[in-house]
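Biologist: I'd like to learn how to read a protein model, feature by feature. Could you walk me through this one?

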Amino acid sequence: MGKVHPQALTSSTSCNFTSKQETFTLWMKSLVLNGKGCTVFDSNGQIAYRVDNYNSNNRDQVHLMDQRGNTLFTILKKQYKLSRFWEGYKLPVTRNDQKGPCFRVGKTYSITKWDSSYEVELGLDKNQPYNYKIESSSCKPACKIFDNLGVIVAELRRKKSTCGIDLGDDVFTMVVEPNIDLSQIMGVIVAYSLIKSKM
């Protein structure tokens, strides 16, 4: 049986922005017994990010943490009229906090049922908003994230072993292009996974 990553329990430090293309392994499981969440490993097999939801009954609020357990983003489920979306706030916040979100992810509804797209608003906390778009197939868990020029900034796909064997429904490879804020793109992926009910 293939391993998700051979060195699962060591940790690493990482800078926020990519200087080159980087590859991560996402395991849609928490390292906490009976917890909900995911664990992200870098290309050396060291923990880079994690999400642990100790209260599995409450999925309206999750925390993206670094390898040491420091909260990078609090991601909250929101609703306005008929639309539902997830917002990412820098550092720990409460639901009544007056600080604005850094990013927002919501589903875009279209007539075609095979393809799904999600609108990502970034830079909201700096009053310099810009958009990304997530595209995925409704029959596959993989997705691609595009910037506002249509250039791929990150891609999520099923992870395969070196022999080409699929490692399962809950193990993914994420490729992130250069000059991308890693923690923010991870927050976007977490929000996307929550919308898709993968976590």
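Modeller: Sure, let's start with a charged pair: Glu87 and Lys78 form a salt bridge, with their closest N and O atoms 3.1 Å apart. Keep in mind that the model is predicted.

Biologist: What is the general idea behind such a pair?

Modeller: Side chains of opposite charge can pair when their charged atoms come close. In this case Glu87 is buried, at a relative accessible area of 5%, while Lys78 is partly exposed at 23%. Salt bridges with shared partners also link Lys78, Glu87, Arg104 and Glu121 into one network.

Biologist: How many salt bridges does the structure hold?

Modeller: Nine. One of them joins Lys29 to Asp170, where the closest N and O atoms are 3.9 Å apart. Lys29 sits in the loop between β1 and β2, and Asp170 in the loop between β11 and β12, so this pair ties together parts that are 141 residues apart in sequence. Lys29 is partly exposed, with 40% relative accessibility, and Asp170 is partly exposed too, at 21%.

Biologist: And the Arg50 and Asp52 pair, are those residues buried or exposed?

Modeller: Both Arg50 and Asp52 are buried. Their side chains meet in a salt bridge at 2.3 Å, N to O.

Biologist: Let's move on to aromatic rings. How do I read a pair of those?

Modeller: A pair of aromatic rings is described by the distance of the centres and the angle of the planes. The count here comes to three aromatic pairs. Take Tyr118 and Tyr192: their ring centres are 5.2 Å apart and their planes stand at 90°, so the pair is edge-to-face. Tyr118 belongs to strand β8 and Tyr192 to helix α1, so the pair ties together parts 74 residues apart in sequence. Both of these tyrosines, Tyr118 and Tyr192, are buried.

Biologist: What about Tyr130 and Tyr132, how are their rings arranged?

Modeller: Tyr130 and Tyr132 are edge-to-face, with 5.9 Å from centre to centre and 70° between the planes. Tyr130 is partly exposed at 33% relative accessible area, whereas Tyr132 is buried at 11%.

Biologist: You mentioned α1. Where does that helix come in the order of elements?

Modeller: At the end: going from the N terminus, the β elements run one after another and the α comes last. In total the protein has one helix and twelve strands. The helix α1 has 14 residues and spans 20 Å from its first C-alpha to its last, close to the 20 Å expected. It is mostly covered, with 13 of its 14 residues buried. Just after α1, Ser197 takes a positive phi of about 60°.

Biologist: And what leads into α1 from the strand side?

Modeller: A loop between β12 and α1, and Glu177 is found in that loop. Glu177 is partly exposed, at 24% relative accessible area. Setting aside neighbours within four places in sequence, Glu177 is in contact with Thr18, Lys20, Gln21, Ile152 and Val153.

Biologist: I always look for cysteines. How many disulfides are there?

Modeller: First the idea: a disulfide is a covalent bond between the sulfur atoms of two cysteines. Here the count comes to zero. As for the cysteines, Cys38 is buried at 1% relative accessible area, and Cys102 is buried at 4%.

Biologist: Last one: how much of the whole protein is buried?

Modeller: Of its 199 residues, 43% count as buried. The protein exposes about 11,200 Å², and carbon and sulfur atoms supply 50% of that.

Key
Residues numbered from 1 in each chain as written. Predicted model: local features only at pLDDT ≥ 70, side-chain atom pairs only at ≥ 80, totals over all residues. Heavy atoms only, no water. Helix = DSSP H or I, 4+ residues; strand = E, 2+ residues; numbered from the N terminus. Buried < 20%, exposed > 50% of the residue type's maximum accessible area, 1.4 Å probe, protein only. Areas by Shrake-Rupley, 256 points an atom, 1.4 Å probe, with all protein chains shown as cover. Phe/Tyr/Trp six-rings, centres within 6.5 Å; stacked < 30°, edge-to-face > 60°. Contact = heavy atoms within 4.5 Å. Disulfide = S-S within 2.5 Å. Expected span 1.5 Å × (residues − 1). Salt bridge = Lys/Arg side-chain N within 4 Å of Asp/Glu carboxyl O.
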